[in-house]
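Visitor: Could you walk me through a structure, one question at a time?
Guide: Gladly, here it is.

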Amino acid sequence: MGEKEVEIESTWKEALKNEFGQDYFKKLREFVKGEYQHAIVYPPPKNIFRAFELCPFDKVEVVILGQDPYHGKSQANGLCFAVSEGVPLPPSLQNIFKEISTDCSLPFEALAKKGGSLEDWAKQGVLLLNATLTVSAHNAGSHQGKGWEEFTDAVIRKLSDERENLVFILWGNYAKAKGAHIDRTKHLAIESAHPSPFSAFSGFFGSKPFSKTNEYLKTHNKKPIDWL
């Protein structure tokens with residue numbers, strides 16, 4: 001996958017083994033390889049499956065679902081809503097930090113100063129999953145409809161079926177639609193408007209997803225997430 005064959009983390013490779021041999025994934029692999037050879041594609045090939053690398057299957061406690069990687073230079077790092085070290089915070093991530101600040105009584109300045117890599121979240125068990133794992137430069141949505149959505153649907157189904165008491169955070173209509181694969185009798189799904197500036201004031205601000213997540217985790221004797 002990409003310029004060189006990129007391997008997914010071993011626990012995920014086992015969990016998703018039935019996907020890799022399917023026709024849709026073979027076509028997806030060839031499409032992505034071709035795009036990396038002939039165009040500028042984000043994130044770098046080594047980071048396509050970074051969300052899985054930092055958060056193995058059996059360590060997942062929370063899933064935050066995004067749509068596409070960022071399509072600007074040096075932004076996408078393989079984690080949804082996150083950006084590479086040193087890159088200015090995009091508007092949606094600024095709004096996410098604003099909501100954390102008010103929801104969890106954490107200073108926005110401290111969140112912003114730490115930067116937008118979100119690697120610390122991933123290492124605590126937050127799977128930062130984009131529905132589409134690659135994108136062409138400056139062309140939002142360019143790799144949609146090529147098979148990534150089917151693959152990430154399988155990720156959500158597998159987590160829903162084989163794990164218990166996970167939190168799925170679904171922002172915006174696109175994420176809510178993918179939430180159809182979640183068994184809500186044994187997991188918590190938190191839904192609201194998207195943190196984009198176009199919709200943040202329509203139900204994202206004040207939705208308190210971060211404190212709700214930690215309350216649920218503690219109720220099920222799990223360690224809460226340190227959002228700072």
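The questions below go through backbone details, one strand residue and two pockets of this predicted model.

Visitor: Welcome me with the backbone, please: which peptide bond is cis, with omega near -5 degrees?
Guide: The place to look is the loop between β1 (41-42) and α4 (50-54), where P43 sits. The bond in question leads into that proline, and it runs from Y42 to P43.

Visitor: In the loop between β4 (135-136) and α8 (148-162), which residue is found that has a positive phi although it is not a glycine?
Guide: Its phi is about 60 degrees. The residue has a relative accessible area of 61% and is therefore exposed, as the cut-off for that class is over 50%. The residue in this loop is H138.

Visitor: And N221, is that residue buried or exposed?
Guide: N221 lies in the segment after α10 (209-219), and its phi is near 60 degrees, a positive value in a residue other than glycine. Its relative accessible area is 76%, and exposed means over 50%, so N221 counts as exposed.

Visitor: Let's turn to S192: is it buried or exposed?
Guide: S192 belongs to strand β6 (residues 188-192). Leaving aside residues up to four places away in sequence, S192 touches L170, W171, G172, K176, G203, F204 and S207. Its relative accessibility is 7%, and the limit for buried is under 20%, so S192 is buried.

Visitor: How much space lies in the largest pocket?
Guide: The largest pocket has a lining of 19 residues, and those nearest its centre are Q67, D68, P69, Y70 and H194. By class, this lining divides into 7 nonpolar, 11 polar and 1 charged. The space in the largest pocket comes to about 340 Å³.

Visitor: Which residues are the closest to the centre of the second largest pocket?
Guide: About 150 Å³ of space lies in the second largest pocket. Its lining is made up of 13 residues, and the closest to the centre are K114, G115, L118, D120 and L228.

Visitor: Which element gives the most to the lining of that second largest pocket?
Guide: Two elements give two or more residues to the lining of the second largest pocket, namely α6 (108-114) and α7 (119-123). The one that gives the most does so with 3 residues, and it is α7.

Visitor: Finally, how many charged residues are in the lining of the second largest pocket?
Guide: Sorted by class, this lining has 6 nonpolar and 3 polar residues. The number of charged residues in the lining of the second largest pocket is 4.

Notes. Residues are numbered from 1 along each chain as its sequence is written. This is a predicted model: local features need pLDDT of at least 70, side-chain atom pairs count only at pLDDT 80 or more; totals for chains, interfaces and linings use all residues. Side-chain values use heavy atoms; hydrogens and water are left out. Helices (H or I, at least four residues) and strands (E, at least two) are DSSP runs, numbered from the N terminus. Buried means under 20% relative accessible area, exposed over 50%, partly exposed in between (1.4 Å probe, protein chains only). Contact means heavy atoms within 4.5 Å. On a 1 Å grid over the protein atoms alone, a cavity is a set of points where a 1.4 Å probe fits but cannot get out, and a pocket is an open set with protein on both sides within 12 Å along at least five of seven lines; lining residues have an atom within 4 Å of a point. Grid points are joined across faces, edges and corners, and a volume is the space filled by probe spheres set on the points. Ala, Val, Leu, Ile, Met, Phe, Trp, Tyr, Cys and Pro count as nonpolar, Asp, Glu, Lys and Arg as charged, and the others, Gly among them, as polar.
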